[in-house]
Amino acid sequence: MKPVVIIHAKLPDALLRKLEAHFQLVIVEKLSAETMPLLRQQLATAVGIIGTGLRVDEALLQQAPLLKVASTISVGYDQYDLSALQRRQITLTHTPYVLNDTVADLAFALMLAAARRVCELNAVVKQGQWHKQSESGYFGVDLHHKTLAILGMGRIGQAIAKRAYFGFDMKVSYSARHDKPEVDRTFQAQRVELDQLLSSADFVVNILPSTMETQNLIGEKQFALMKPSAVFINLGRGNTVDEQALYRALKNKQILAAGLDVYQSEPIATDSPLLTLDNIVCLPHIGSATAETRFAMQSCAVDNLINSLLYPNDPQKTVYRVN
Ligand SMILES: NC(=O)C1=CN([C@@H]2O[C@H](COP(=O)(O)OP(=O)(O)OC[C@H]3O[C@@H](n4cnc5c(N)ncnc54)[C@H](OP(=O)(O)O)[C@@H]3O)[C@@H](O)[C@H]2O)C=CC1
Ligand SMILES: O=CC(=O)O
């Protein structure tokens, strides 16, 4: 009998066949109240689990006595309780690098859409409200040659900095936990304390992970520090931003505009006051959502799972381990 692996995602046939060569597969394509009992039941025999969007905590792991590897199809891993995994010596793997460029591209889509009011004015045209005489009423603000603050100068932050510096002639500053001399040299960038960073930026892009330290990092006080002409983008995780404070900042024109890809709760509640504002662009967590990149992430996650289960001590087999 082959060892059991649970897949809680929709994987292409080629990747399913690759897994099937080694494992007996239990496929739960969509996580829901109906499918969770099956998943929980199968945890009793599973040695591996691969997918996205599942909260893997102590309670879930208690039902998985044989589990050795959890492979997430994402770079962020805030859905996983690292201490609970550590206690059971379960390896957690993720999919860094392959999505950097795709997510960085979306940062620019959001910045440009918010700054040039792309969605708002698209609606004006489609609703037959385009009036020649009100052209100045359609003015936005420039992105090129402005100051960009990147919160989180990691893999994706650096892909954003590259586009900003070389493509848009922007002045880049950033926050991170550690100094980054190579980044400073390459992009003529500067690591700056958060308050100063926010008060000097024309555009602020948040690409921070969700951690104890980053929860609600951007709230009332931080929005108050930003320029009235500032554009704020959140592509990191929703719980790093106080959404009520963001709503007030946008409503009271404390900042100019915002673009969001991530939210405190996903999907965002349909009655969220944020959705009533013209000066915000909202996307449904699609940072890495292109066909090519999602396939690359899935391939990476499948290789992570196979390599860590079958070749745990082979240095030639690449595994992107979190723990
Ligand atoms: N919207 C979407 O679809 C996507 C969202 N994401 C989000 O983006 C995040 C970042 O991904 P990635 O760039 O690959 O991750 P990295 O780990 O490469 O980068 C994270 C960066 O955040 C910095 N950082 C962490 N904690 C703090 C803190 N308390 N204060 C200041 N800086 C901090 C790190 O600093 P240092 O380098 O000094 O350690 C690092 O520069 C993911 O965790 C995920 O949440 C990712 C992909 C898609
Ligand atoms: O949010 C997406 C991720 O890969 O993390």
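Angles under 35 degrees between N-to-C directions count as roughly parallel, a cut-off to keep in mind for the first view. Everything shown here comes from a predicted model.

**View 1. Helix H1 packed with helix H12.** Here we zoom in on H1, residues 13–20, and H12, residues 291–310. Their axes sit 11 Å apart, and the angle between them comes out at about 0°. That is under the 35-degree cut-off, so H1 and H12 are roughly parallel to each other.

**View 2. The residues where H1 and H12 touch.** On the H1 side, look for Leu-15, Lys-18 and Leu-19. Across from them, H12 brings in Gln-298, Ser-299 and Val-302. Sorted by class, this contact has 3 nonpolar, 2 polar and 1 charged residue.

**View 3. The shell around ligand 1.** Ligand 1 has 30 residues around it. Gly-76, Gly-152, Gly-154, Pro-209 and Gly-287 are the closest of these. As for chemistry, the shell splits into 13 polar, 12 nonpolar and 5 charged residues.

**View 4. Where the ligand 1 shell comes from.** Both domain 1 (4–98 + 291–310) and domain 2 (100–282) chip in, with at least three residues each. Among the contributors, helix H7, residues 155–168, supplies the largest share, at 3 residues.

**View 5. The annotated stretch, residues 108–287.** An unreviewed UniProt entry labels this stretch "domain: D-isomer specific 2-hydroxyacid dehydrogenase NAD-binding". In the model, residues 108–287 are 33% helix and 15% strand. Check the two ends as well: their C-alpha atoms are 11 Å apart.

Key: Residues are numbered from 1 along each chain as its sequence is written. Chains are lettered from A and ligands numbered from 1 in the order in which they are written. This is a predicted model: local features need pLDDT of at least 70, side-chain atom pairs count only at pLDDT 80 or more; totals for chains, interfaces and linings use all residues. A residue is near a molecule or strand if its C-beta atom, placed from the backbone, lies within 6 Å of it. Helices (H or I, at least four residues) and strands (E, at least two) are DSSP runs, numbered from the N terminus. Ala, Val, Leu, Ile, Met, Phe, Trp, Tyr, Cys and Pro count as nonpolar, Asp, Glu, Lys and Arg as charged, and the others, Gly among them, as polar. Domain bounds come from an automatic or database domain assignment. Axes are lines fitted to C-alpha atoms, for helices over the stretch in contact, and angles run from 0 to 180 degrees between N-to-C directions. Angles under 35 degrees count as roughly parallel, over 145 as roughly antiparallel, 65 to 115 as roughly perpendicular and the rest as oblique. Two residues are in contact if their C-beta atoms, placed from the backbone, lie within 7 Å. UniProt positions are given in the numbering used here, feature names are shortened, and annotations may be inferred rather than shown by experiment.
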